[in-house]
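Colleague: Could you walk me through this one? I'd like to start with the overall make-up and then look at some details.

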Amino acid sequence: MKKKLAATLSCGAVVLLALSGCGNNDSKVNDWAKGFCDKVQPQRQAIADANASIVKATSTASEPADVKKVDSAAFQTNAKAYAALASAVKTAGAPPVDDGAKTQQDAVKELNSTSAAYAQLQKQVDGLDTSDQAKFAQQLSDVSTQLGKIGSSGDTALRKLQSGDLGQAMAKQPGCKKGAPSGAASASS
């Protein structure tokens with residue numbers, strides 16, 4: 001069950017990596033990427049740290065109440081971080097690429113949906129019964145299943161955002177560079 005939870009967190013790491021790409025000289029595209037990516041790094045770090053805390057809590061012999069507390073806090077952090085990412089995409093404006101407005105709208109919608117899903121997971125975790133360890137383990141397994149759905153559900157808009165010229169420009173920006181922020185390696189293993 002612990003491995004399942006850790007594996008589902010790695011799906012969330014895919015979304016983090018979808019916020020990075022590969023080199024372009026178009027100054028408008030580069031300017032857009034810089035404006036967006038400058039706001040991304042703190043959120044990527046918050047998500048990576050939250051996911052790492054879940055992995056740590058579920059991979060050690062933590063008490064159910066401790067796991068519940070850590071998971072709830074991590075899901076709250078992720079909900080806020082994905083909402084902030086949606087805001088960053090919205091604030092950056094439509095990227096100066098073909099279908100830029102639609103790409104922006106789709107990414108904002110997807111990030112807000114992910115934020116709402118994490119908020120729902122937090123509510124679900126907050127309602128778990130920690131008095132019966134077997135029951136708690138089953139309930140946590142259900143949470144893990146939901147977490148897997150979040151990780152595997154539609155990162156299509158984010159992939160489109162990080163594709164082509166825009167993805168190449170984003171890859172040059174420190175806030176969007178691929179590479180694991182501290183804690184992300186643990187969360188994605």
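Colleague: So how many helices and strands are there in the protein?

Modeller: This is a predicted model, and in it the protein has 8 helices and 0 strands, so that reading along the sequence gives the pattern α-α-α-α-α-α-α-α.

Colleague: And what share of the residues is buried?

Modeller: Of the 189 residues in the protein, 46% are buried, while the accessible surface comes to about 8,800 Å², with 52% of that surface belonging to carbon and sulfur atoms.

Colleague: Now the packing: at what angle do α2 and α7 pack?

Modeller: Helix α2, which covers residues 27-59, packs against helix α7, residues 164-172, at an angle of about 55°, and their axes are 8 Å apart. That angle makes α2 oblique to α7, and the crossing of the two helices is right-handed.

Colleague: Which residues make the contact?

Modeller: From α2 the contact is made by Val 29, Asn 30, Trp 32, Ala 33, Phe 36 and Cys 37, and from α7 by Asp 165, Leu 166, Ala 169, Met 170 and Lys 172. Sorted by class, this contact of α2 with α7 has 8 nonpolar, 1 polar and 2 charged residues.

Colleague: Different topic: what about the phi of Asp 99?

Modeller: Asp 99 has a positive phi of about 55°, although it is not a glycine. In general, most residues other than glycine have a negative phi.

Colleague: Where does Asp 99 lie, and is it buried or exposed?

Modeller: Asp 99 lies in the loop between α3 (64-92) and α4 (100-126), and it counts as exposed because its relative accessibility is 53%, where exposed means over 50%.

Methods. Residues numbered from 1 in each chain as written. Predicted model: local features only at pLDDT ≥ 70, side-chain atom pairs only at ≥ 80, totals over all residues. Heavy atoms only, no water. Axes fitted to C-alpha atoms, helices over the stretch in contact; angles between N-to-C directions. Helix = DSSP H or I, 4+ residues; strand = E, 2+ residues; numbered from the N terminus. Parallel < 35°, antiparallel > 145°, perpendicular 65-115°, else oblique. Left-handed = near helix turned anticlockwise from the far one by under 90°. Contact = heavy atoms within 4.5 Å. Nonpolar A, V, L, I, M, F, W, Y, C, P; charged D, E, K, R; others polar. Buried < 20%, exposed > 50% of the residue type's maximum accessible area, 1.4 Å probe, protein only. Areas by Shrake-Rupley, 256 points an atom, 1.4 Å probe, with all protein chains shown as cover.
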